Amino acid sequence: MGLGGCIILIAVGAILAFATDWHMQGVNLDVVGLILMAVGIIGVATFSSIASRRRVMVPPTTVVEEDRHHHHRDGYGDGYGA
């Protein structure tokens, strides 16, 4: 569940807990809303802690290029010899 899902849980929980006056037999919507809000807040905290670990910067490495052009002298094409 991403950050958006956690925010939706918090919003739905707040609506159920504070903005409705429905009464269902066997279900207390205020408690359900508070539980949804708590799960959403825990999800946001978990998501932000995982996301902050992903953003750890690795220092740049220095690349050293070596001269790999080795000239092979065979004695014929370099002006020496015949």
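These numbered points walk through the fold of a predicted model, from the whole chain down to two residues.

1. **The chain as a whole.** Start with the inventory. The protein chain has two helices and zero strands. It holds 82 residues, and buried residues make up 13% of them.

2. **The surface.** Next, look at the outside. The protein chain exposes about 7400 Å². Carbon and sulfur atoms supply 63% of that area.

3. **Contacts across the sequence.** Take the contacts between residues at least 6 apart in sequence. Of these, 49% join residues at least 24 apart.

4. **How the helices meet.** Two packed helices are described by the angle between their axes and the distance between the axes. Here, helix H1 covers residues 3-18 and helix H2 covers residues 29-54. Their axes come within 7 Å and cross at roughly 160°. An angle over 145 degrees counts as roughly antiparallel, so H1 is roughly antiparallel to H2.

5. **Handedness and make-up of the contact.** Now the same pair in more detail. H1 passes H2 in a left-handed crossing. What kinds of residues form the contact of H1 with H2? They divide into 18 nonpolar, four polar and one charged.

6. **Ile10, on helix H1.** Find Ile10 in helix H1. Is Ile10 buried or partly exposed? Its relative accessibility is 27%, and buried means under 20%. Ile10 therefore counts as partly exposed. Set aside its neighbours within four places in sequence. Ile10 is then in contact with Leu36, Met37, Gly40, Ile41 and Val44. These partners carry numbers that fall within H2, residues 29-54. Check one distance too. Ile10 and Gly33 are 23 residues apart in sequence, yet their C-alpha atoms are 8.3 Å apart in space.

7. **Asp30, on helix H2.** Now cross over to helix H2, where Asp30 has its place. Asp30 has a relative accessible area of 37%. Exposed would require over 50%, and buried under 20%. Asp30 is therefore partly exposed. Which residues does Asp30 touch, not counting those up to four places away in sequence? The answer is Leu16 and Ala17. Both numbers lie within H1, residues 3-18. Asp30 also pairs with Thr20 in a distance check: the two are 10 residues apart along the chain, with their C-alpha atoms separated by 8.6 Å.

8. **Putting it together.** Keep the pair of helices in mind. H1 and H2 are roughly antiparallel. Ile10 sits in H1 and Asp30 in H2. Ile10 touches Leu36, among others, while Asp30 touches Leu16 and Ala17.

How values were computed: Residues numbered from 1 in each chain as written. Predicted model: local features only at pLDDT ≥ 70, side-chain atom pairs only at ≥ 80, totals over all residues. Heavy atoms only, no water. Axes fitted to C-alpha atoms, helices over the stretch in contact; angles between N-to-C directions. Helix = DSSP H or I, 4+ residues; strand = E, 2+ residues; numbered from the N terminus. Parallel < 35°, antiparallel > 145°, perpendicular 65-115°, else oblique. Left-handed = near helix turned anticlockwise from the far one by under 90°. Nonpolar A, V, L, I, M, F, W, Y, C, P; charged D, E, K, R; others polar. Buried < 20%, exposed > 50% of the residue type's maximum accessible area, 1.4 Å probe, protein only. Contact = heavy atoms within 4.5 Å. Areas by Shrake-Rupley, 256 points an atom, 1.4 Å probe, with all protein chains shown as cover.
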